[in-house]
Amino acid sequence: MLLHAPAKLNLCLYLGRRRADGLHELCSLFEPLALADLVTVEAAERDEVVCPGVEGDPAANLAARALAALRAAGWEREPLRIEIEKRVPVAAGLGGGSADAAAVLRLAAGEVAELPAIAAALGADVPSQLRPSLALVQGAGERIEPLPAPAPHAAVLLPGGGGLATADVFAAADRLGLGHGPEELEELAGRLRLAAGAGASPLAYPELLVNDLEPAALSLRPEIGEALERLRNAGAAHAILSGSGPTAVGLFPDLAAARAAAEGLDGAEAIVCEAGVAPPRTLPQEAAP
């Protein structure tokens with residue numbers, strides 16, 4: 001079985017206060033990107049998750065943890081070998097690891113009842129990726145409200161080398177005193193629901209496309225500001241930091257405009273992709289593992 005694990009873009013990210021469990025309340029619009037990891041699943045003698053070219057403890061891989069969690073929940077499918085071809089930059093604020101974990105969890109859809117709870121235990125971005133679509137996401141990622149697919153638009157991504165730890169960015173945000181109170185977050189959620197609920201392109205409500213983590217990420221990686229400015233100078237209708245960064249994202253009305261802008265970004269390792277629509281979850285040559 002060949003699966004797509006699409007990256008996600010935070011069209012906005014409003015930060016709340018730190019909760020008693022150490023997590024932060026959030027209010028965000030998540031949308032999938034056509035950019036996706038490729039996950040190959042096949043029968044094996046024992047469970048194994050491999051991700052060629054990615055350093056680190058394989059057991060710490062979110063996809064490996066997802067498979068282990070399914071087994072702990074009683075999933076009895078035959079042993080599987082799962083290989084992940086990384087196309088989404090690592091540690092770039094695009095949710096690649098969460099997408100991989102969600103793709104693994106989807107293998108047990110209809111067989112394990114508590115998939116949303118397992119996803120939430122794995123990470124804040126995983127629950128929304130069980131069904132990649134435009135969604136209003138609140139809480140620490142566990143409150144997900146699907147919204148209509150937006151009008152066509154595209155994105156140019158400047159990953160900036162990745163490697164910016166989410167925990168470091170949130171810690172910097174706390175030091176800077178960033179964040180909103182509960183009433184503010186609810187008011188913002190209402191505005192986002194109204195703006196995005198009719199299927200409009202996010203370019204129709206740019207005043208809401210704000211990432212509260214941007215000052216914190218900039219304090220750790222000042223070059224993010226340069227990347228955002230380059231996207232604006234290249235003609236982006238709006239430029240924003242994705243998630244906790246360091247990926248800078250320029251939004252464009254269509255793929256043609258995005259490709260033209262990317263060609264003008266001298267020396268930049270730009271990624272151009274359609275936004276708002278996830279690739280198929282399985283490729284046409286799908287076969288049961």
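**Pockets, cores and cysteines**

Let me start with the lining of the largest pocket: 27 of its residues are nonpolar, 15 polar and 8 charged. A word of caution before going on. This is a predicted model.

So how much space lies in that largest pocket? About 1,200 Å³. Its lining counts 50 residues. Nearest the centre are L62, G97, S98, D125 and T166. Which elements give two or more residues to this lining? Strands β1, β2 and β3, the last at 48-50, and helices α1, α2 and α4, the last at 166-175.

Now the second largest pocket. About 280 Å³ of space lies there. Sixteen is the count to remember, as 16 residues line it. L158, P159, G160, G161 and A227 lie nearest the centre of this one. Helix α7, residues 223-233, is the top contributor to the lining, giving 5 residues. By type, the lining of the second largest pocket splits into 8 nonpolar, 3 polar and 5 charged.

On to the interior. In soluble globular proteins, nonpolar side chains tend to be buried together. Here, the largest nonpolar core has 32 residues. Which of them have the most contacts inside the core? L70, I82 and L105. Two or more core residues come from each of these: β1 (2-18), β2 (24-43), α1 (62-72), β4 (80-85), α2 (96-106) and α3 (115-122). Note the overlap with the largest pocket: β1, β2, α1 and α2 also give two or more residues to its lining.

Take L70 in detail. Leaving out residues up to four places away in sequence, L70 touches W75, V104, L105, A108, V112, L115 and I118. L105, you will recall, is another of the residues with the most contacts in this core.

Apart from the largest core lies another one. That core has 31 residues, including I240, V249, I271 and A275.

Last, the cysteines. How many disulfides does a search of the whole structure find? The count is 0. Look at C27. The nearest cysteine sulfur belongs to C12, 6.2 Å away. A disulfide needs the two sulfurs within 2.5 Å, so C27 is in none. Is C27 buried or exposed? Its relative accessibility is 0%, so C27 counts as buried.

Then C273. Again the nearest cysteine sulfur is that of C12, but here it is 18 Å away. C273 is in no disulfide either. Its relative accessible area is 5%. Buried means under 20%, so C273 qualifies as buried.

That is the tour. Questions, please.

Key:
Residues are numbered from 1 along each chain as its sequence is written. This is a predicted model: local features need pLDDT of at least 70, side-chain atom pairs count only at pLDDT 80 or more; totals for chains, interfaces and linings use all residues. Side-chain values use heavy atoms; hydrogens and water are left out. A nonpolar core is a set of buried Ala, Val, Leu, Ile, Met, Phe, Trp, Tyr and Cys residues joined through side-chain atoms within 4.5 Å. Buried means under 20% relative accessible area, exposed over 50%, partly exposed in between (1.4 Å probe, protein chains only). Helices (H or I, at least four residues) and strands (E, at least two) are DSSP runs, numbered from the N terminus. Contact means heavy atoms within 4.5 Å. On a 1 Å grid over the protein atoms alone, a cavity is a set of points where a 1.4 Å probe fits but cannot get out, and a pocket is an open set with protein on both sides within 12 Å along at least five of seven lines; lining residues have an atom within 4 Å of a point. Grid points are joined across faces, edges and corners, and a volume is the space filled by probe spheres set on the points. Ala, Val, Leu, Ile, Met, Phe, Trp, Tyr, Cys and Pro count as nonpolar, Asp, Glu, Lys and Arg as charged, and the others, Gly among them, as polar.
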